[in-house]
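Subject: Structure for your review, with notes on what was found

Dear colleague,

I am passing a structure on to you, together with notes on its rings, charges and surface. Please look through the model first and then read on.

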Amino acid sequence: MSWTVEQYLAYWLDNVVRVERRPKTVQGYESVTRLHLVPGLGKKRLGKLTARDVRAFISTVRESCQCCRHGWDASRDKPRCCALKGGECCKSRLSVRMVQFVLAVLRNALQSAVREEILTRNVARLVTVTTPKYKVNRGLTVDQARAVLKAAQDERLHALYVLALCLGLRRGELLGLRWEDITLTPCRACGGEGGTLDGAPCAHCAETGIQDAKLEVVQTLQRVAGELRFVPPKTDDSTRTIPLPDLCVTALCEHRVKQNAERADAWPRWQDHGLVFPSRLGTPMEPDNLRRSWGRIRAAAGLGSMRLHDMRHTCVSLLLDLGVPPHIVREIVGHSDIEVTMTIYAHAALDEKRAALRKLGDALG
């Protein structure tokens, strides 16, 4: 079959990627194909593509100014760099991570052609690029985490921040969470009232009235092609069941009471999707609205530029610091591989390094 690279990529996107991959992945692959692979390699014959072609293509992608290439400055009302006559190029280049992603998409496409016996080998696998170096962030300290919960106490989304800190849920998992995904089993000892029938406190359920509580992560909210969609979790390991500690149970029960009042106030405009953290009208929440809420809490807690995702890092780091086995931490937060848990998050803090070296010094002294 005498396909060009462009023709094969179109076939691959339609028959492999759209069928097997998640919507967000499809969107990313389509974007890379349209913006980079087709313009750079599309006219070449698939069967005659060489490692040298791929290497030259990647070099061009790495060095090209994206503003010049896509005409961004020319489309402005008042050009200020690349489109100015005699102006200076802004040299807006792709990040190392994006260059790596462009090559990864090409590798995936050609490997699919090898599996279908269209090609005998994947020449893109012979080309390497610089691996991006990620800055490790251990998240918040215990004092900072407490400051977040205190700052969020009067926020509409207080329970969301409790779950983010205690369970390490991703943003999309929090916004996709439904009440039907949460199971609260009333305490048999006190009948779910938080105390025994004679009025004494119930030690069996720590007076919460809940004997057993768990949460299931079965969907996530993402923006795909300009619209909000509920999609399956990030990986198979992201679909998980997590027991809920009392702190989360209390926060969720209080949140449900507030949400019932909010529903009554918004009726009949309320659109019930069964979500735990919807908009004020019951619809899926715009991620930007959560970002604004986090901005207020971050400022009140004095956290500078700390991201919401760092709450997830915090959960992992604190659990590991408390001595929880890594494989348990992995199952709680839904990492696809335990190496992610250990390599990305389990880095010793300066105080831990100091204590370790002090022990070594004491032993040698």
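One definition is needed before the details: a residue is called buried under 20% relative accessible area, exposed over 50%, and partly exposed in between. Please also keep in mind that this is a predicted model.

Overall picture

The protein contains 14 helices and five strands, and its C-alpha trace spans about 85 × 75 × 50 Å along the principal axes. Of its 365 residues, 39% are buried.

Aromatic pairs

Six aromatic pairs turn up when the whole structure is searched. In one of them, Y8 and Y11 have ring centres 5.8 Å apart and ring planes at 45°, so this pair is classed as tilted. Both residues belong to helix α1 (residues 5-20), where they are three residues apart and therefore separated by about one helical turn. As a general point, an α-helix has 3.6 residues a turn, so residues three or four places apart point the same way. Are Y8 and Y11 buried or exposed, or something in between? Y8 is buried, because its relative accessibility of 1% falls under the 20% cut-off, whereas Y11, with a relative accessible area of 25%, is partly exposed because that value lies between the two cut-offs. Y8 and Y11 also join W3 in one aromatic cluster.

A second pair is made by Y29 and F101, whose ring centres lie 6.1 Å apart with the planes at 45°, so that it is tilted too. This pair links distant parts of the chain, since Y29 sits in helix α2 (residues 23-41) and F101 in helix α5 (residues 96-115), 72 residues apart. Y29 is buried, with 7% relative accessible area, while F101, at 29%, is partly exposed.

A charge is also found over a ring: R256 lies over the face of W179, at 4.4 Å from the ring centre.

Salt bridges

The count of salt bridges comes to 19. One of them joins E180 to R178, with the closest N and O atoms 3.6 Å apart, and E180 is exposed, at 61% relative accessibility. Another brings together the side chains of R330 and D237, at 3.3 Å from N to O. Here, too, distant parts of the chain are linked: R330 belongs to helix α12 (residues 326-333) and D237 to the loop between β4 (227-231) and β5 (240-243), 93 residues apart. D237 is partly exposed, with a relative accessibility of 33%. Elsewhere, D14, R18 and E30 are linked in a network of salt bridges.

A further salt bridge leads to the next topic, as R307 pairs with D310 and their closest N and O atoms are 2.9 Å apart. R307 is partly exposed at 44% relative accessibility, but D310 is buried, with a relative accessible area of 2%.

Helix α11

D310 is one of the buried residues of α11, a helix of twelve residues (residues 310-321) that should span 16 Å at 1.5 Å a residue; its end C-alpha atoms are 16 Å apart, which agrees. How many of the twelve residues of α11 are buried? Ten of them are, so the helix is largely enclosed by the rest of the structure. Besides D310, the buried residues include M311, R312, H313, T314, C315 and V316. The helix is followed by G323, which has a positive phi, near 90°.

Surface patch and a loop contact

L357, L360 and L364 make a nonpolar surface patch of about 350 Å². L360 lies in helix α14 (residues 350-364) and is partly exposed, with 47% relative accessible area.

Finally, G192 lies in the loop between β1 (182-186) and β2 (210-217) and, at 29% relative accessibility, is partly exposed. From C-alpha to C-alpha, G192 and I210 are 6.0 Å apart in space, while in sequence they are 18 residues apart.

With best regards

Methods:
Residues numbered from 1 in each chain as written. Predicted model: local features only at pLDDT ≥ 70, side-chain atom pairs only at ≥ 80, totals over all residues. Heavy atoms only, no water. Phe/Tyr/Trp six-rings, centres within 6.5 Å; stacked < 30°, edge-to-face > 60°. Helix = DSSP H or I, 4+ residues; strand = E, 2+ residues; numbered from the N terminus. Buried < 20%, exposed > 50% of the residue type's maximum accessible area, 1.4 Å probe, protein only. Lys NZ or Arg CZ within 6 Å of the ring centre and 35° of its normal. Expected span 1.5 Å × (residues − 1). Salt bridge = Lys/Arg side-chain N within 4 Å of Asp/Glu carboxyl O. Patch = residues over 30% accessible without salt bridge, like charges linked within 9 Å, V, L, I, M, F, W, Y side chains within 5 Å. Areas by Shrake-Rupley, 256 points an atom, 1.4 Å probe, with all protein chains shown as cover.
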